[in-house]
Structure formats: C-alpha cells, structure tokens
Amino acid sequence: MATQHRHTPRPGLVLEVDRSTPPVMFHHGEGFRLEKLPPGRSRVIYPAEPKTGIADPDNAIRQALLNPIDEDPLPSLMRPSMRLTIAFDDLSLPLPPMRRPDIRQRIIEQVLDIAAEAGVDDVHLIAALALHRRMTENELRHALGDRVYDAFAPQGALYNHDAEDSHGMVTLGYTSHDEIVRMNRRAAESDLLVYVNINLVSMDGGWKSTATGLADYQALRHHHNVAALQQSRSFMDRHRSELHHSNWRQGAVIDAHGPRIFQIETTVNNNTFGRSGPLAVLQKREWEWTFKDRVSCMAMSKSLKVTPPAIQRAIFQAWRAPYELTSVQAGAVEAVHERTTENVLAQHLVPVEGQTDVVTMGLPYICPYNVNSTMNPILVMCLGLGYFFNLYRGKPVVRPGGVAIMSHPTRPEFHPVHHPSYIDFFEQLLAETTDPAELEAKYEQQFATDEWYIHLYRNSYAYHGVHPFYMWYWGAHALQHLGRVIIVGGDTAAVRRLGFQPASTLADALEMAADVVGSQPTITHLHNPPILMTDMA
Amino acid sequence: MKKIYRFLLRAPATPEGVEPLPPQKRVGMHFNTSWARRWPARVGRFAGLEGPLRVAVWLFATPNRRGLENLDKVKGPVIFVANHHSHADTPLLLISLPMKIRHKTAVAAASDYFFKNKITGVVSALFIGAIPVDRKRVGRQSAKLSAELLAEGWNLLIYPEGGRSPDGWGQSFRGGAAYLSKRCNTPILPIHLSGTDRVLRKNTFIPRPAITTATFGKPIYPSTEERSAKLALRVEEAVNALADEIRTDWYTARKRAHGRQNPTLTGPAVSEWRRAWIRGDQSRKNKRPKNAWPVI
C-alpha cells in the first residue's frame, strides 16, 4: 500500500505548524536556511508532487500536430512555396533550463520534418525574446539541438528577435483601446507562423506569446506598465489580469491582420530538482527526509556557506531540471491556451483558505531573467514581489497591509553584460525614489530610448534599457498591497536601496513585522519552488 | 608422482585401427565467446574500454556526437547499424555510447578475420565484446548466437557493409541486420560515422588524429509485412540521410530523405579512377609545401 502511495503524485498541502513540525526549508539564493516557524499561528503551503510525465513525448507531439484543436492538421498547412516562420520561447523558460533534449527541440524537429516532407524551402526560426537579452549560440543549441542550429543558423535563418530593428518591425493596427500592435516583420509576413511555447506557469502562452514575444517597446508599453500590473489580480490568472486583457486585445488585431498562427503549447511537471540525485531533497517534505536527505541537506548547506559566491553561482546555474512533458496542445491560439492553462493549474494549484498577516518566501537562485547570469537586487524584488506574490488565484495569501518576508542574500552584484541598465537603475533611480509610478513617469522614456542601451541590446547580450522598469512594475501590485517588505539575510545597503527593511534572522524579521501587523501575527510560508499557486477562489 | 603428472599432461594415444575423431574446430565461426560476457571478462573489458581505448580515442578521434537523445527513444535491446571505414570505428562508437549501453553491447565481427586464430579471437572478444559472424551470408550459427544475445538484453553492433571500405566509398548494405531485426522484433538504430577513414583507413597501421563525427538516427522498427530486403534498404537510406546531414545540414537532408534523394554512400557507378577522382585527395599528409613562397 505504501509503495502504491509513493507512485501516485500527491496534491499540494497546507500544513498547520505545531510544536512537532520540523524546521522548514527556505531557499536562500544559492543556499538554504532551515527555519522554525512559530507553532499555532503558522502554516506552510507545499506544492503538489510532480505529475507523471508522458511516456512517449515524441508520439504525443506528433498526435498534437496531426490532430490540432480548432485548426487543420499541420501537414495540410504546408506547401513548397510558402514562407514558414517558427517562433519559440527564449531562455527564460523553463526554469531552471531543462535537460536535453529540450521540449522546443522535440517539437521544432517534428514541425520541420513535416515542412521538409512538403518541400518548404523558406523557413526562418526566431527566438521570441521581446526585450530580453539575445540568446547565445550555446543557449540556442541547448534549446533547439545541434541539428536544427547547424541547419539554419549558418544561413542566417535562425536568429534572435530584434525589437529595435525599425525595418524588421511592422505595425498591424490598433486595438479598440488605441493600443498599437507591432510585430516582427518576418513573422507578420509569413504564410504560417508556428509558435512553440513552454508554459511553465499560467501566465505564459496564449496571445501573450506573439503579442509580447515578437513585439517592440511601442507595443509592450501598453501592458507592461504600472497601471496594468496593479490592476492584474493576479497576472497569473488570465481572466483577472489587465496584462492579459491588453495582450488579448492585441491578439485580436494579430488574428485579423497578421499571419495564420499555429500555436503549440506544452506543460511540464514539477520535477524541478529530480526524484533522486543531489538536489532531490529540495522537493521533498521535511518530515519525509531520510537520513541521506538530512546529510545531503546539511552537507550542501555547510559547504555552500564557505564557497565563494561566483562558484556557488556556477554550481547552481549548471543544474538542468529533469522536467517531464505532461501535455502538449496544438492549433488555434485561444482554444489551445484554455486547455494548456487547465493542465498548468492541475499541477500548480493548492486550495488555501483565509489570508494571514505575514507571508514568508525563500527565494531561490534563479528567476526568468538571470539564466546563466547574476541575480541582482532588482531581480530579487521581481522574483519575490512579482512572481511569488502573484502566484495566486482569487486573493493573495497575505492580507492587505500585511508583511512579506523574503529570504535572499540580495548582493549588490550585477552582470555587466546582461544587465547594464539595471546598474544605472539601481544606483541612480532607486536612490531617488522606489515608487513605480514616479519612476515610470519620470525615467522610463529616457531609458527606453537610450542609444547606448539600444546598441547593447541589439549587438551585445544585454536586456533592453527599459527592462529594469518592467521588473520593478512586476512588483507594483505587491508594493501597493503590502504594508512592509523585509529581506532576511540580505545585504543591508542593497535591501535599503530597494526600499525594504533588512533583517538578520527570521525571528528578527517577525519582530519587525509585529510593528505593522501587531504581535503574534499569523504566517503563511510558500514552499516554492517547485512551483505552487494558491487558490483562494 | 611422475606417473600422475604423465597421466594428467600427456594425451592418450589413439589405438591402432581406430579412426581418430576429427579435430574440433575452435576458431572462426566456432570460436566460443560466451566467457567474454561473464563478469570477470566484463570487468576486464570495462577497464580496457574506459582506460587505454578511451585515451586512444581521445588522442586520435574525439568524436562529435549528434542525435544521442535518439537512444532514449529505445527501450530494451537495439541493433546498432553503422557504416564502416576503419578499425577505429568500433572503439569510437563504443566510447560514444552512454555508459550503461556501452558495456552491454556486443560487436558482430568477421569470423574469418577477427577469429582466424585464438589470439585475435581472445583479444577481440575480451576488449570489444566481439562475436563471430559469417560476413558472406546470414549463417544459421551466427544468427542463432545474435538472437540469443538480443534475447538476453544485449545490444548488437553490426556493420552491414561486411567489411571496411576499400576505397573510401561505402558498400551496399547486406541483409543480416534487417533479418535479425525482423526475427527478434528488435529496432535498428542507424549510425553514421565520418572521419574515421582519416584516422586509420584500410591498409594503414599508424593512426593519425582527425575530426570524427558519430551521428545517431531515429530507431527503425521492423514491421511484420515488410520483407528483410526492404527493411535493409530503409536502414541504408537512413544512414545515407545521416551522412547527407553531415555534408549539408539536417533540414536539407530531411527534405531529400522525404524525396528519397539523399546521395548514397556507395558513390556513383562509374570506373574506379572516376570514383577516386570524385572523392578527391584523401591523403592524410600535410599539403602545405615546406618552402612556400611568403605571402606578400
């Protein structure tokens, strides 16, 4: 019976903390903390165990391409003289990057095989990265495989989207809200655009793929702004997200005036750290840790403490997640996305009742914008208050005016190649104000149109000049909702620069929180990652 | 004591008038290799493969490996089928395989060459896990042994060309691998090796470093209604497509494969000198003249 239980993935869990509850694992950048939560008034929300992956992913992909939803089978859309463009999600998905073969490779090879059978000659592949940094050759090879890279990159038919190439972008029209819709010209003028998604969280996919991934600053600013993000409750819930409403309006214009789109969306399970192996302990529940797990956790924690940060980073960034494909859908954008979202939520949703005064979060070493890079303080804010805080449906787990306590080293370190504009944003702008609306009004245009940042975005591997603003806006809803933000174990000066309060220990942080929410506050800890999304519908 | 030794060491003479038994064949197809698949020999082979052979491959022919993920698509034993240019092919291919597959792979080797005497037979069986096969025909004995190995979970590496390329061009595939695949209902995984002819081509004895590539294709499953000859043709076309992928690119090769237009490995059916001419200069010597004029 016990064996059978182990093989059936268990749903997420809300654990009420009592005196017998063991210390709880907090991610802490490239390290971990074990923290005792106050009994009687704390709860821990655990993610669901990884769903069982599809046994034969290649066959599942083949079936999805041959039997799409509300669309003709892919082979029937191919003809020799057509212009075919395949766009795909960039390196920000999935997190951490997955082990080879990446899902994108599996899908794109099959799409190309169908195109080859039809004799299609004019094929381009575009990394739909919007204003993210360009993918390097190694990153493209990892995502697409050597075969695809070697077949297309030398001819210039595999490349990164360039949102600042004025000739490479085209205006498709305006939405009913007067939002401009712009798109990569090659994609827009193709006979067929195949978009390959990895839907790691419910925010991903749908019209956001094409309306954001292949767009430029002029189009993005209609939904990547403070007002839209403050009105998104949350941006992980498409039906209550202004970010998505705007994307969907732009999608309607693309649908009417853009290319025919064949959307392919995929979901992966929660197998972020592996069912066995060195990091397996990170996705187990603490009271189920074996002797080996405890030794492993202790050894990792102690050895990481004496390891220089650069080496810590190299170790963790080398991790490739053994994600397994749990579903693949292809066809018309909206129909596909509805089904994909159901599958994502089936893995992530954990029903929760009632809000608490405090939410605690252990922030890991990675977010969508520091793959093979450095987690700088702005990204720490974005990960905690943007992504983790917004992983809810209905209401946040913390009450309005409550306190968020995040655990992360928050070192004032920036990758000079990837995040040049972040450095100026941190050093100059945050020293003046941390108010998202004020930053947006006073400085966004300046950074977005800065020639040097544009040059680095186009020719180096830099995020666009406006990107740190978007990261800050990502947390705008949380900043509006919360009464205080405390970072445990962070660099004091960097934390203060972010406008938050530093604390040395969790106990200190809870003491400081008491100033805002009163003594003996109720606490929710999000045991994330692996990813969970609270459901307080 | 002396009598005991004599009894033990000296074979008894055949009595006069009695016809002696025919001498038992112990080489060629009759070479017994079962000992080479037991644990002591496997440990020795592990040491040999992971030690000197790995170093040799690393020194002379470190391979670029493409399509290794196709191995994940196969559950259970598989028949690896590759083109054959050189004695370097087998070590290179074995080293290219993932560890768990590498040490559970037997290599079908020509009985008239690798097992022509006991020494070569022992060395071949011990270090590369060779089993004797008759390269002139699908012999009952070699087919039975191969089928038994597949049934026991061993993978099999077969060079269906029957021998190394004499002139750099490939040779037509024979039907042994396809026959086995059908008989044992085992998938075939096509592999194309390139560059090994520059490392150690036929009739050369000193290896030279060269860039090599091992390209793994998708598994090919036999179907009940398909004849062995047709399956063999399908496998040959798959290897041709992999070779085309190396010469051009994957997408071009796929387009040609769907139209069955991949160039064959055997080359054009023209006279020998024209085949050599088309193939170009394959000499391994450094072409740069020693006393070149300076570039002005």
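## Exercises on a two-chain predicted model

In this model, 14 residues of chain A are in contact with 11 residues of chain B, two residues being in contact if their C-beta atoms, placed from the backbone, lie within 7 Å. The model is predicted: local features need pLDDT of at least 70, side-chain atom pairs count only at pLDDT 80 or more, and totals for chains, interfaces and linings use all residues. Residues are numbered from 1 along each chain as its sequence is written, while chains are lettered from A and ligands numbered from 1 in the order in which they are written.

**Exercise 1.** Determine which helix supplies the largest share of the side of chain A that touches chain B.

*Solution.* Helices (H or I, at least four residues) and strands (E, at least two) are DSSP runs, numbered from the N terminus. Step 1: α4 (103-118) and α6 (146-152) of chain A each supply at least two residues of this side. Step 2: the largest share, 6 residues, comes from α6(A). Step 3: by type, the residues of the side of chain A that touches chain B are 6 nonpolar, 1 polar and 7 charged. Here Ala, Val, Leu, Ile, Met, Phe, Trp, Tyr, Cys and Pro count as nonpolar, Asp, Glu, Lys and Arg as charged, and the others, Gly among them, as polar.

**Exercise 2.** Establish whether A:Ala115 is buried or exposed.

*Solution.* Step 1: A:Ala115 lies in helix α4 of chain A. Step 2: a residue is buried if 20 or more other C-beta atoms, placed from the backbone, lie within 10 Å of its own, exposed if 12 or fewer, and partly exposed in between. Step 3: A:Ala115 has 28 C-beta neighbours inside 10 Å, and therefore counts as buried. Step 4: leaving aside residues up to four places away in sequence, A:Ala115 touches A:Met78, A:Leu84, A:Val120 and A:Val123.

**Exercise 3.** Compare the span of helix α15 (residues 377-390) of chain A with its expected value.

*Solution.* Step 1: the expected span is 1.5 Å times one less than the number of residues. Step 2: the 14 residues of α15(A) should therefore span 20 Å, and the end C-alpha atoms are 19 Å apart, which agrees. Step 3: 14 of the 14 residues of α15(A) are buried, so this helix is largely enclosed by the rest of the structure.

**Exercise 4.** Describe chain B by its elements and its burial.

*Solution.* Step 1: chain B contains 12 helices and 7 strands. Step 2: of its 296 residues, 38% are buried. Step 3: the C-alpha trace of chain B spans about 85 × 60 × 40 Å along its principal axes.
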